[in-house]
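Please open the model in a viewer and keep the sequence panel visible. The tour below proposes a series of selections and describes what is found at each stop.

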Amino acid sequence: MAFALQSPAFGDGGEIPRKYIRDGENVSPPLIWKDAPEGTRSFMLVVEDPDAPSGTFRHWAVYDINPDRDRLPEGTTAGAKTESLGHGVNDFGNPHYDGPQPPKGHGIHHYHFRLAALDTETLHLDEKADIDTVLKKAGPHIIAETELVGIYEAR
């Protein structure tokens with residue numbers, strides 16, 4: 001089986017429900033994964049919008065996720081640090097999930113939920129590290145990646 005990421009809240013290519021939108025309840029959606037590769041010592045998750053007018057906009061990063069986990073429940077990072085997970089500072093300037101918020105009339109935006117299996121237990125990052133820093137530090141440690149894409153359009 002292949003490393004795979006899914007959400008019970010929306011299918012791959014499906015619309016992200018308003019509950020998970022920044023102007024909605026702004027809670028992170030539930031995510032489930034399976035078939036992580038042998039040698040996985042932690043996971044990292046990043047959510048990006050490549051359709052943003054200013055270029056790729058990063059909404060969420062969670063890292064140092066225990067390799068025994070196979071899910072992140074709904075609301076995992078709703079405004080506060082939970083568990084021992086690392087949180088990258090997103091492009092809104094927050095160290096937690098901020099859901100989709102595309103400009104009205106800008107069309108459909110695609111939100112890429114990218115989960116990476118890493119060969120290291122921790123990225124040893126400062127709590128103020130931004131998502132770009134998280135990605136650079138994780139890059140050499142990625143042994144596999146999977147992706148789930150959700151869409152949203154502000155009307």
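## The whole chain

Begin with the protein chain in cartoon view: it has 1 helix and 8 strands. The model is a predicted one. Following the sequence from its start, the elements appear in the order β-β-β-β-β-β-β-α-β. The radius of gyration of the protein chain is 15 Å, close to the 15 Å that the globule rule gives for 155 residues, so the chain is as compact as a globular protein of that length. Rotating the C-alpha trace shows a span of about 45 × 35 × 25 Å along its principal axes.

Next, display the surface. The protein chain exposes about 7,400 Å², of which carbon and sulfur atoms supply 46%. Buried residues account for 48% of the 155 residues. Of the contacts with a separation of 6 or more, 73% are between residues 24 or more positions apart. If the charged side chains are coloured, 15 positive and 25 negative charges can be picked out, and the mean positions of the two sets are 3 Å apart.

## First stop: the loop between β1 and β2

Select the loop that runs between β1 (4-6) and β2, where Ser28 is located. Is Ser28 buried or exposed? Ser28 is buried, with a relative accessible area of 0%. A polar atom of its side chain lies 3.0 Å from the backbone nitrogen of Thr76.

Asn26 is found in this loop between β1 and β2 as well. Although Asn26 is not a glycine, its phi is positive, at about 55°. With a relative accessibility of 16%, Asn26 counts as buried.

## Second stop: the loop between β2 and β3

Move on to the loop between β2 (31-34) and β3 (42-49), and select Thr40 there. Thr40 is buried, since its relative accessible area of 14% is under the 20% cut-off. Which residues does Thr40 touch, not counting residues up to four places away in sequence? They are Pro67, Ala117, Leu118 and Ile143. Within the loop, show the side chain of Thr40 together with Pro37: a polar atom of that side chain lies 2.7 Å from the backbone oxygen of Pro37.

Asp35 is also found between β2 and β3. Asp35 has a positive phi of about 60°, although it is not a glycine. Its relative accessibility is 33%, and Asp35 counts as partly exposed.

## Third stop: strand β4

Now select strand β4 (residues 57-65), which holds Tyr63. Tyr63 is buried, with a relative accessible area of 3%. Leaving out residues up to four places away in sequence, Tyr63 touches a list of residues that includes Phe43, Met44, Leu85, His87, Leu123, Leu125 and Val134. For a view back to the previous loop, draw a line between the C-alpha atoms of Tyr63 and Pro37: the two residues are 26 apart in sequence and 17 Å apart in space.

His59 is found in strand β4 too. This residue is buried, with a relative accessible area of 3%. Where does the side chain of His59 make polar contacts to backbone oxygens? One is with Asp98, whose backbone oxygen lies 2.9 Å from a polar atom of the His59 side chain. Another is with Gly99, whose backbone oxygen is reached by the side chain of His59 at 3.2 Å.

Expand the selection around His59. Apart from neighbours within four places in sequence, the residues in contact with His59 include Val47, Asp49, Asn90, Phe92, His96, Tyr97, Tyr111 and Ile131. Gln101 is also among the contacts of His59. The C-alpha atoms of His59 and Gln101 are separated by 9.5 Å, and the two residues are 42 apart along the chain.

## Last stop: the segment after β8

Finish by selecting Arg155, in the segment after β8 (142-152). Arg155 is exposed, with a relative accessible area of 69%. Setting aside neighbours within four places in sequence, Arg155 is in contact with Glu15 and Lys104. As a final distance to display, Arg155 and Pro102 are 53 residues apart in sequence and 9.5 Å apart in space, C-alpha to C-alpha.

Notes. Residues are numbered from 1 along each chain as its sequence is written. This is a predicted model: local features need pLDDT of at least 70, side-chain atom pairs count only at pLDDT 80 or more; totals for chains, interfaces and linings use all residues. Side-chain values use heavy atoms; hydrogens and water are left out. Helices (H or I, at least four residues) and strands (E, at least two) are DSSP runs, numbered from the N terminus. The radius of gyration is taken over C-alpha atoms; the globule rule is 2.2 Å times the number of residues to the power 0.38. Buried means under 20% relative accessible area, exposed over 50%, partly exposed in between (1.4 Å probe, protein chains only). Contact means heavy atoms within 4.5 Å. Accessible areas come from the Shrake-Rupley method with a 1.4 Å probe; for residues, only the protein chains shown count as cover. Lys and Arg count as positive and Asp and Glu as negative; His and the chain ends are not counted. The place of a charge is taken as NZ of Lys, CZ of Arg, CG of Asp or CD of Glu. A polar contact is a pair of N or O atoms within 3.5 Å; within protein, one must be able to donate a hydrogen and the other to accept it, and residues adjacent in sequence count only if both atoms are side-chain atoms.
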